[in-house]
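Below are some comments on the model you sent, set out as numbered points. Please read them with the sequence and the coordinates open beside you.

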Amino acid sequence: MKISTTIEDIEQKVGVRNAIRITKEAGFDCYDMCLFSNTDDVHQLLTSDHYVELAHELRDFADSLGIACNQTHTPFPTSLGDGKDEDRFQ
């Protein structure tokens with residue numbers, strides 16, 4: 001059995017790569033990446049012209065640590081509920 005956790009909360013504080021590293025160091029086998037997160041790392045994955053390369057870089061980083069991304073939540077619905085930064089997910 002694989003043990004997994006979401007990295008959203010910690011990723012908002014330390015960035016996605018550090019969140020993946022910390023999750024591995026905490027003993028998890030897998031992580032769940034939430035694309036609802038409003039961090040620059042996730043925003044680049046969703047909006048950059050180079051999103052495929054960025055996704056591969058994250059995969060390579062996680063692979064180098066021996067942890068897998070077993071699940072990803074897409075950013076739908078597109079409302080954060082507070083009107084702030086709504087255009088980032090449109």
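**Comments on the predicted model**

1. I begin with the end of a helix: glycine 66 follows H4, and the phi of this glycine is positive, near 80 degrees. Please keep in mind throughout that this is a predicted model. A comparable feature appears elsewhere in the chain, where glycine 27, just after H2, takes a positive phi of about 105 degrees.

2. The length of H4 can be checked with simple arithmetic. With 15 residues (residues 51-65) and a rise of 1.5 Å a residue, helix H4 should span 21 Å, and this agrees with its end C-alpha atoms, which are 21 Å apart.

3. Which residues of H4 are buried? They are Leu54, Leu58 and Ala62, and because these residues fall within an arc of 70 degrees when seen down the axis of H4, they line one face of the helix. An α-helix has 3.6 residues a turn, so residues three or four places apart point the same way. On the other side of H4 the exposed residues are Arg59, Asp60 and Ser64.

4. Helix H2 (residues 16-25) can be read in a similar manner, its buried residues being Val16, Ala19, Ile20 and Thr23. Seen down the axis of H2, these buried residues fall within an arc of 100 degrees, so they too line one face of the helix.

5. For the overall arrangement, the secondary structure of the chain comes to four helices and three strands, and along the sequence these follow the pattern β-α-α-β-α-α-β. The three strands form an open sheet in the order S1-S2-S3, with parallel pairing. S1 and S3 stand at the edges and have a single partner strand each, so one side of each is left without a neighbour in the sheet. From one strand to the next, the twist averages 25 degrees.

6. The register of the sheet can be followed through its bridges. Strand S1 (residues 4-6) pairs with S2 in the parallel sense over three bridges, in which threonine 5 has tyrosine 31 of S2 as its bridge partner and threonine 6 has aspartate 32 of S2. S2 also pairs with strand S3 (residues 68-73) in the parallel sense, over five bridges, and here the bridge partner of tyrosine 31 in S3 is cysteine 69. Tyrosine 31 can therefore be used to trace the register across the sheet, since it is bridged to threonine 5 and to cysteine 69; strands of a sheet pair through backbone hydrogen bonds, either parallel or antiparallel.

7. How many residues of strand S2 (residues 30-34) are buried? Five of the five are, so S2 is largely enclosed by the rest of the structure. Both faces of S2 are covered, with Cys30, Asp32 and Cys34 buried on one side and Tyr31 and Met33 buried on the other.

8. Isoleucine 67 deserves a separate look. It lies in the loop between H4 and S3, and is it buried or exposed? Isoleucine 67 has 3% relative accessibility and therefore counts as buried, the cut-off being under 20%. Leaving aside residues up to four places away in sequence, isoleucine 67 touches Ile20, Thr23, Lys24, Phe28, Asp29, Cys30, Tyr31 and Ala62. Among these contacts, Ile20 and Thr23 are buried residues of H2, Ala62 is a buried residue of H4, and Cys30 and Tyr31 are buried residues of S2. Isoleucine 67 and arginine 21 are 46 residues apart in sequence, yet they are 8.6 Å apart in space, C-alpha to C-alpha.

9. Isoleucine 10, which is found in helix H1 (residues 8-14), counts as partly exposed because its relative accessibility is 28%. Not counting residues up to four places away in sequence, isoleucine 10 touches Gly15, Ala19 and Ile22, and one of these, Ala19, is a buried residue of H2. Between isoleucine 10 and threonine 23 the separation is 13 residues in sequence and 9.1 Å in space, C-alpha to C-alpha.

10. Finally, some totals for the chain. Of its 90 residues, 29% count as buried, and its accessible surface comes to about 5800 Å², of which 50% belongs to carbon and sulfur atoms. Among contacts between residues at least 6 apart in sequence, 73% join residues that are at least 24 apart.

Definitions and conventions
Residues numbered from 1 in each chain as written. Predicted model: local features only at pLDDT ≥ 70, side-chain atom pairs only at ≥ 80, totals over all residues. Heavy atoms only, no water. Helix = DSSP H or I, 4+ residues; strand = E, 2+ residues; numbered from the N terminus. Expected span 1.5 Å × (residues − 1). Buried < 20%, exposed > 50% of the residue type's maximum accessible area, 1.4 Å probe, protein only. Arc of directions from axis to C-beta. Pairing = 2+ DSSP bridges. Axes fitted to C-alpha atoms, helices over the stretch in contact; angles between N-to-C directions. Contact = heavy atoms within 4.5 Å. Areas by Shrake-Rupley, 256 points an atom, 1.4 Å probe, with all protein chains shown as cover.
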